[in-house]
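Please look over the model below before reading on. The notes cover the ligand site and then a charged pair.

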Amino acid sequence: MPAESDMTATPSRAAAALADVPREPGAPKPDPIVIADNITRTFGGLRAVSVDHLEIQRGVITALIGPNGAGKTTFFNLLTGFDEPDTGDWSFNGTSLNKVAPHKVARMGMVRTFQLTKVLSKLTVLENMRLGATGQRGEGFLAAPFRALWSGQESANTTRARELLARFKLDAKESDFAGSLSGGQRKLLEMARALMVSPELVMLDEPMAGVNPALKQSLLGHVKSLREDGMTVLFVEHDMDMVRDISDWVVVMAQGKVIAEGPPDSIMSDQRVIDAYLGAHHDTDITQLEDVLEAEGHQALEEDGDNRE
Amino acid sequence: MEILQGAFHDAISPFALSYVLAAIGLNIHFGYTGLLNFGQAGFVAVGAYAMAVGIASFDIPFVLALLLGILAAVILALILGIPTLKLRGDYLAIVTLAAAEVLRLIFSTSFKDYFHARDGVSGFTATFRSLNPYPDTMTSFATFSRNDLWVMTVGWILVALVCVYLWLLMRSPWGRVLRSIREDEEAVRSLGKNVYWYKMQALILGGVIGAFGGFIGALGLASVQPDSFNADFTFIAFTMLILGGAARILGPVVGAVLFWGALSAIGSLLVQLASGDNPIIPPSMMSTDQASNVRFMVVGLVLMLLMIYRPQGLFGDRKEIALDAR
Ligand SMILES: Nc1ncnc2c1ncn2[C@@H]1O[C@H](COP(=O)(O)OP(=O)(O)O)[C@@H](O)[C@H]1O
Ligand SMILES: [Mg+2]
């Protein structure tokens, strides 16, 4: 595979499996963890999502990109049960998730974060993390009053929470209220908390928005290490450097549809993708997606997110 | 001195106890879980009626009657919760408010053989009173009758037990889930917790504690009357909760005691000021008969000031809960 040498700084075995996948929307993957079919969602007259077919490969990092309003967040909501599609069916590990409640989706190992961060600001950072642990005996009504029944599990969870917090450079903040964190730190906490659920697939909606550049670099390393641990990552991101750096595969959405798929390098220079980002004013001589974003002054970034620092 | 004695009497009386328990139940709903139950009076009422009618009309044993009252509260919670807890918070508020009124109307107009309309249910206290350990020779203590004393003893022990139990619950991971739901239920869902079921548990638990309030109130008055369970009941219980501080174990207890104490003290003070040959408050402004209504106005004013200057209640933690949270 000649493409691999410059594709990823850290070559991944799992990514190699994608080498023969055709670079077209809806391409079948050798080992898909998620398969979505004919998913549509309309708001009033607006067709926010209309995905004919999409497969997400297991064990790799897939980036979902697209201009604002492309339907990425809505698609996340649909896949994880937080919103219901008008039509469509989708499965996770071969189990259909149609009409499955969001908490059940999470328990099955498909955990998402939110574009508008949802940390529990009146809980401490450590309590936020502990909340993420699954299968807690102390969360049962009958066992809850008897500390002896759950304290062992709680301290094991605490140890794990502290390890994760250290990775995300939040360990010094563990006893602060989450509400006192900056926007970027909240993003980090939400990501760390999602990992407390021990997911098989973690879906991050703009995880790096508002995170300071120095920390971003080390986080990229952590996301890659998730892949080494066998986790599958699907993330929405606008920062093309980051997409290029860590993703094995890129899916591009525009106006609700998947318009392109492929490894990062081929996507960045794909004319359909550039067109989608440029929209109408298409007279400039631009050959890379990064040029587009630069030319637009990262306008997309500014409009979209919340919680910027 | 007399004023203080009266205030003390009212603050710890069986009547106040039923409010204390109702407010503790509301604290679980509103304070910890963020559920807006505007029909706590309904839970108190079904508890009281189920126990009273069970004994008076069907002659079932006292303990069984208590269990029946608890069961009634659980069923009411399920009926109210199943259709509403998946929807936005306001639905629960509307449905509970309406349900409590409907229940009150049923108790005051229907099944007269059992509920006896406005006369209320009586004749259910025999077993409870026969258990009274205070000596027969003691007809009264301080300002309380022997019966009152017995009800209060049981009632305050019950309050203490409930508070300890809640303290244990709320410091557990279960309590953590409730507090998280209060803040952002979507986040809790995304972490794999069944939010609907936790809300249901909270609604049931708070409702059952409300029913305990119904038991104590009924045993204290030796009768159960429909109009004691009007919407005012719920709002006074809310007032106490907010006065003492929501999401604090002792908040509703302190709030209820202070509320009745202050209400009684202000009432007697107003009566004193308005009576005598040369009253400080002239009869043209307020007669002694009006004092009992005016005292509610004064308490209302105090509450308004409290909300403005201390919205987390007297003992609440502003960081953890404020009414304008969000
Ligand atoms: N709850 C909603 N009600 C109405 N329109 C919505 C709603 N959520 C999203 N939309 C619309 O759907 C489109 C896709 O939005 P979104 O999924 O947030 O895009 P992205 O995450 O790719 O920026 C947008 O046009 C947005 O305005
Ligand atoms: Mg979005």
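1. Start with a contact. An oxygen atom of ligand 1 lies 2.8 Å from a side-chain N or O atom of A:Lys72. Another residue, A:Thr73, has a side-chain N or O atom 2.7 Å from an oxygen of ligand 1. At A:Gly69 a polar backbone atom is 2.9 Å from a ligand 1 oxygen. A polar contact here is a pair of N or O atoms within 3.5 Å.

2. On its own, ligand 1 exposes 560 Å², and the protein buries 60% of that (Shrake-Rupley method, 1.4 Å probe).

3. A word on the source. This is a predicted model: local features need pLDDT of at least 70, side-chain atom pairs count only at pLDDT 80 or more, and totals for chains, interfaces and linings use all residues. Side-chain values use heavy atoms, without hydrogens or water, residues are numbered from 1 along each chain as its sequence is written, and chains are lettered from A and ligands numbered from 1 in the order written.

4. Which residues surround ligand 1? Among them are A:Phe43, A:Leu46, A:Ala48 and A:Asn68 (a heavy atom within 4 Å). The shell divides into four nonpolar, five polar and one charged residue; Gly counts as polar. Helix α3(A) gives the largest share, three residues (helices are DSSP runs of H or I, at least four residues).

5. Over all chains there are 23 salt bridges (a side-chain nitrogen of Lys or Arg within 4 Å of a carboxyl oxygen of Asp or Glu). One of them joins A:Arg130 and A:Glu154, with the closest N and O atoms 3.7 Å apart. A:Arg130 is in helix α5 of chain A and A:Glu154 in helix α6 of chain A, so the pair ties together parts 24 residues apart in sequence.

Key. A polar contact is a pair of N or O atoms within 3.5 Å; within protein, one must be able to donate a hydrogen and the other to accept it, and residues adjacent in sequence count only if both atoms are side-chain atoms. Helices (H or I, at least four residues) and strands (E, at least two) are DSSP runs, numbered from the N terminus.
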